[in-house]
Protein chains: 2
Amino acid sequence: MSLADDMLAMGARARTAAGQLRTAPADRRSAAIRAAAALLRDRAADILAANAEDVAAATFLVDRLRLDEGRVEAIAASLDQVAALPDPVGAEMARWRRPSGLDIARVRTPIGVIGMIFESRPNVAADAAAICLRSGNALILRGGSDALRSCLAIHEAIAAGLEQAGLPVDAVQIVPTADRAAVGAMLAGLGGAIDLIIPRGGKALVARVEEEARVPVLGHLEGICHTYVHASADPGMALDIVVNAKMRRVSVCGATETLLIDRAAAPDLLPRIAAALAEQGCVLRGDAESRGLAEGIEPAEEADWTAEYLAPILAVRIVAGLDEAVGHIRRYGSGHTDAIVAEDQAAAEAFLAEVDSAIAMWNASTQFADGGEFGFGAEIGIATGRLHARGPVGPEQLTTFKYVVRGTGQVRG
Amino acid sequence: MSLADDMLAMGARARTAAGQLRTAPADRRSAAIRAAAALLRDRAADILAANAEDVAAATFLVDRLRLDEGRVEAIAASLDQVAALPDPVGAEMARWRRPSGLDIARVRTPIGVIGMIFESRPNVAADAAAICLRSGNALILRGGSDALRSCLAIHEAIAAGLEQAGLPVDAVQIVPTADRAAVGAMLAGLGGAIDLIIPRGGKALVARVEEEARVPVLGHLEGICHTYVHASADPGMALDIVVNAKMRRVSVCGATETLLIDRAAAPDLLPRIAAALAEQGCVLRGDAESRGLAEGIEPAEEADWTAEYLAPILAVRIVAGLDEAVGHIRRYGSGHTDAIVAEDQAAAEAFLAEVDSAIAMWNASTQFADGGEFGFGAEIGIATGRLHARGPVGPEQLTTFKYVVRGTGQVRG
């Protein structure tokens, strides 16, 4: 069979499995996730051996690719956590009665078949499988070629977990080849079998998905996150938040990439912030005004305002006030997470209303942009599109709903 | 300027207007809708004159195209109703506090810029404008060439209403040309200006949109709705529901197109149903078994099971029971609305659980598939996709949400 035929067959099996999964009880889906976690622990040596082959062949991003015993345990523990989460499937989101006497309920249901296209990090395979099982969705995984052996080994444990729990193994499938044509087949929808594509990876991958997809996409674009220090900010709080927002982990999408600081507060605060960041090895790139206020700030170019550094680099700009800060965020931001630090409540509420990103924050670090921190238990990313789900995507965000209407013989007049 | 440039400029104006609209107070948006309704009434003669030109030039679907004084009044009254609906923008959908002390709210916000591509019925222009203004979205309308003069006249009233209310006239724009390249430009997203495309029209239009769109689409596909009469059905109720579900209005997407009837109930019920439908001028097309049970049923072909007749024609099939009925619906249905008539509660609940359409009904006519009947006040259609919104699409379904996070200086550990 050709790759195209193989992919269509995979889609058909996923569709069948999705039908079975949709009506499978929650505890059986939990059992499958827990069994997969146990099998990941049992097979850690095999997984690490497969990973070592990937690492040996890798030419870049080796850090994201490499597993060790601790990371395998972390993946298994994450699965156990998802297994313990409340199950969203079948929950009544609302129920009301109409003057006609009709009883209408809005009930959560799985979306169906999710296609996950991702790069580098093999843990994504396990996390996505667990979150899809928790939400009753079948999953087709397509990892990057650099992590293929690791992902196949992880997938084996998941498939065995499904089998142990009496669920169809086709509920979680993985594309077993590095052939890039497989991505094209998934983006075309596998003959109507895929309901939603979730891309996780670099700009080139996301651009290809946006360009080619013929099915809905839950986009995870960049996190060009801003922290705006208002003139009314408490200086100590501003310092702590900016340093944490940038430096706690520089590689996460919720890391602040641009600091906006009010002209009135900058002469006092910027030198202290710059010094604290420099001490942690962070490079600042600022506009001319900021460079006049603190030592060692490099000149920023236009491209710095749209850079997702994911590195110890911070762009800095002095602004006249709230309006200019909001204007900058609207123009250059990516709709991910943006924060204001302010004691002035009216200014803060104006910021929260006017910034239309997935997450608008007041007096908190942008690094809280995370499904776990939001109480969702797990996430497979932060959606930056405007439809279906915004912000952290956990099991609940991977459901849709249907209306269940109960009558007593009503006909419409 | 070329059409492409004109369209990009329209998109840029819509994006600017969306920003203003998003923070405009609800009562100003209500005022604009009410002013548009009043202007539609004032200008009824002009609108009818424009419509007469469209009708004179039309070669098909003249019924859907034709306006008269009563229809213009109905359009205006519908706008007044939308103006009186509760405003969804800014509503807190949920709010909770995390162990970190962060206060997280999920707040409804407008989607942004909606592109509406529709055919024939000029009232869609007014309905879509009202629902978009109620939900704080800017709108770009692109009607079919056959209704262009009518839609332009209706749009003039809406633009004047926006102006009277002090809102940007660019909040609702209409493509002023019948050039089909305008549709292509909208499907490409107008340089990132369009957040969501909503197609309303025939199969050819929807197919083009699904094929070409580079932005999210809220699909309104066909309504291949089923009514399944279970063996336990109350015969009188089944008769009333089937006749109403098919014949109340045959041209709506919630009209039943296929009757499935249990083998045990068919010998008694089918002749009565067939006679009642025949009396109202409905043609039945059935499988061999059904044709043996009642007079005058024409033979059904495979294509009848996927036909959206929108006409007094009903496909009929005898089934062995619930599983076969659900299997038929899964195979041939369009995920719109499907109903069971049954006294057996366990069978009904199994049907409601297993049928995964946007609307699953028990003992009610599929013609209740309607935003008004659901209590949404207004709708611009019934979504048949699985993402973002399913079923009736009213103002609330045209919103998205953002998270507003209020802290007291939290940094992440």
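## Contact between the chains

Two residues are taken to be in contact if their C-beta atoms, placed from the backbone, lie within 7 Å. In this predicted model, local features need pLDDT of at least 70 and side-chain atom pairs count only at pLDDT 80 or more, while totals for chains, interfaces and linings use all residues. Residues are numbered from 1 along each chain as its sequence is written, and chains are lettered from A and ligands numbered from 1 in the order in which they are written.

Chain A and chain B each give 54 residues to the contact. Elements that supply two or more residues on the chain B side are β2 (103-110), α10 (235-247), α14 (345-354), β13 (359-364), α15 (371-374) and β16 (399-410); helices (H or I, at least four residues) and strands (E, at least two) are DSSP runs, numbered from the N terminus. The most residues on this side, 11, come from β16(B). By class, the chain B side holds 24 nonpolar, 17 polar and 13 charged residues, where Ala, Val, Leu, Ile, Met, Phe, Trp, Tyr, Cys and Pro count as nonpolar, Asp, Glu, Lys and Arg as charged, and the others, Gly among them, as polar.

## Strand pairing and symmetry

Strand β16 (residues 399-410) of chain A runs parallel to β13(B), joined to it by five bridges; pairing requires that DSSP find at least two bridges between two strands. Within this pair, Ala364(B) of β13(B) stands opposite Gln410(A).

A turn of 180° with a shift of 0.0 Å along the axis lays chain B on chain A with an RMSD of 0.0 Å, the copies being superposed by least squares on the C-alpha atoms of residues with pLDDT of at least 70 in both. The two copies are therefore related as by a two-fold rotation axis. In chain B, the C-alpha of His388(B) is nearest the axis, at 1.8 Å. Because 100% of the interface residues of chain B are also interface residues in chain A, the copies meet through the same surface.

## Buried residues and the nonpolar core

Gly223(B) is found in the loop between α9 (203-212) and β7 (225-229) of chain B. Gly223(B) counts as buried because it has 25 C-beta neighbours inside 10 Å; the class requires 20 or more other C-beta atoms within 10 Å of the residue's own, whereas 12 or fewer make a residue exposed and values in between partly exposed. Not counting residues up to four places away in sequence, Gly223(B) touches several residues, including Cys253(B), Glu308(B) and His336(B).

The largest nonpolar core has 284 residues, such a core being a set of buried Ala, Val, Leu, Ile, Met, Phe, Trp, Tyr and Cys residues joined through C-beta atoms within 7 Å. Leu40(A), Ile197(A), Leu40(B) and Ile197(B) have the most contacts inside it.
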